[in-house]
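These notes are meant for a colleague opening this entry for the first time. Please keep the sequence and the 3D view side by side while going through the points.

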Amino acid sequence: MLTIGYVRVSTDRQAEKGVSLEAQEAKIRAMATVQGSELIDVIVDGGESAKSLNRPGLQRLMAFVNGGKVQAVIVAKLDRLTRSVKDLCGLLELFEKRKVALISVAEALDTGSAAGRLVITI
């Protein structure tokens, strides 16, 4: 399964509190290994707020998804992708339409499974 990772920090302070880009990437790489996925890239948004989906890295990730180039997206934690429930719903709708699973390490979530899709809707 072709997979892409996504990491984000908005401030230097976050990097000091254990959500550094390197720590997130390590979790993503470990999950890809556990899943038996081929991790083709880890996209980085450093110094970007999650208030909006208008981030360079996220736009690049969405191009991979829209282009049918990946079957899964892995994040260390959902709030690295977005902090907005509305934006998360929009991303999930896009991923489902493109048959792309969203895997979050911290939440033990995988929308590629029926159980994961149930949990995310709750």
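1. A place to begin is the loop between β4 and β5, where Ala-108 is found. The model is a predicted one, and in it Ala-108 has a positive phi of about 50° although it is not a glycine. Most residues other than glycine have a negative phi. As for its surroundings, Ala-108 counts as exposed, at 71% relative accessibility.

2. Another residue to inspect for its backbone is Lys-99, which is not a glycine and has a positive phi, near 60°. Lys-99 has its place in the loop between α5 and β4, and with a relative accessible area of 70% it is exposed. The value passes the cut-off for that word, because exposed means over 50% relative accessible area.

3. The strands that border these loops belong to an open sheet of five strands, which follow one another in the order β2-β1-β3-β4-β5, with mixed pairing. Its edge strands are β2 and β5 (109-110), each of which pairs on one side only. At the β5 end of this order, strand β4 (residues 101-104) and β5 run antiparallel and are joined by two bridges, and here Ser-104 stands opposite Leu-109 in β5.

4. Strand β1 (residues 2-9) deserves a separate look, since seven of its eight residues are buried and the strand is thus mostly covered. With strand β2 (residues 38-46), β1 pairs in the parallel sense over eight bridges, and a reader who wants to trace the register can start from Thr-3, whose bridge partner in β2 is Leu-39. With strand β3 (residues 72-75), β1 again pairs in the parallel sense, here over four bridges, and Gly-5 can be found opposite Ile-74 in β3.

5. After β3 the chain enters the loop between β3 and α4 (78-81), and this loop is the place of Ala-76. Is Ala-76 buried or exposed? Its relative accessibility is 5%, and Ala-76 therefore counts as buried, given that buried means under 20%. Leaving aside residues up to four places away in sequence, Ala-76 touches Gln-24, Lys-27, Ile-28, Ser-104, Val-105 and Ala-106. Ser-104, one of these contacts, is also the residue opposite Leu-109 in the pairing with β5. A further link across the sequence is seen with Val-7: the C-alpha atoms of Ala-76 and Val-7 are 7.3 Å apart in space, although 69 residues separate the two in sequence.

6. Side chains of opposite charge can pair when their charged atoms come close. The count of salt bridges comes to five, and a group worth examining is the network that links Lys-77, Asp-79, Arg-80 and Arg-83. Which residues form salt bridges with Asp-79 in this network? One is Lys-77, with the closest N and O atoms 3.9 Å apart; another is Arg-80, for which the corresponding separation is 3.0 Å; and Arg-83 also meets the side chain of Asp-79, at 3.6 Å from N to O. The 3.9 Å value for Lys-77 and Asp-79 should be read with the criterion in mind, because a salt bridge is accepted within 4 Å.

7. The members of this network can also be described by their accessibility. Asp-79 counts as buried at 18% relative accessibility, a value to be read against the limit of under 20% for that word, and Arg-80 is buried as well. Lys-77, in contrast, is partly exposed with a relative accessible area of 37%, while Arg-83 is exposed at 53%.

8. The last point concerns the packing of two helices. Helix α3 (residues 56-66) and helix α5 (residues 85-97) have axes that come within 9 Å and cross at roughly 30°. That angle makes α3 roughly parallel to α5, because angles under 35 degrees are counted in this way. From α3, the residues in contact are Leu-61, Met-62, Val-65 and Asn-66, and these meet Leu-91, Leu-94 and Phe-95 in α5. By type, the residues of this contact divide into six nonpolar, one polar and no charged.

Terms used: Residues are numbered from 1 along each chain as its sequence is written. This is a predicted model: local features need pLDDT of at least 70, side-chain atom pairs count only at pLDDT 80 or more; totals for chains, interfaces and linings use all residues. Side-chain values use heavy atoms; hydrogens and water are left out. Buried means under 20% relative accessible area, exposed over 50%, partly exposed in between (1.4 Å probe, protein chains only). Two strands pair if DSSP finds at least two bridges between them. Axes are lines fitted to C-alpha atoms, for helices over the stretch in contact, and angles run from 0 to 180 degrees between N-to-C directions. Angles under 35 degrees count as roughly parallel, over 145 as roughly antiparallel, 65 to 115 as roughly perpendicular and the rest as oblique. Contact means heavy atoms within 4.5 Å. Ala, Val, Leu, Ile, Met, Phe, Trp, Tyr, Cys and Pro count as nonpolar, Asp, Glu, Lys and Arg as charged, and the others, Gly among them, as polar.
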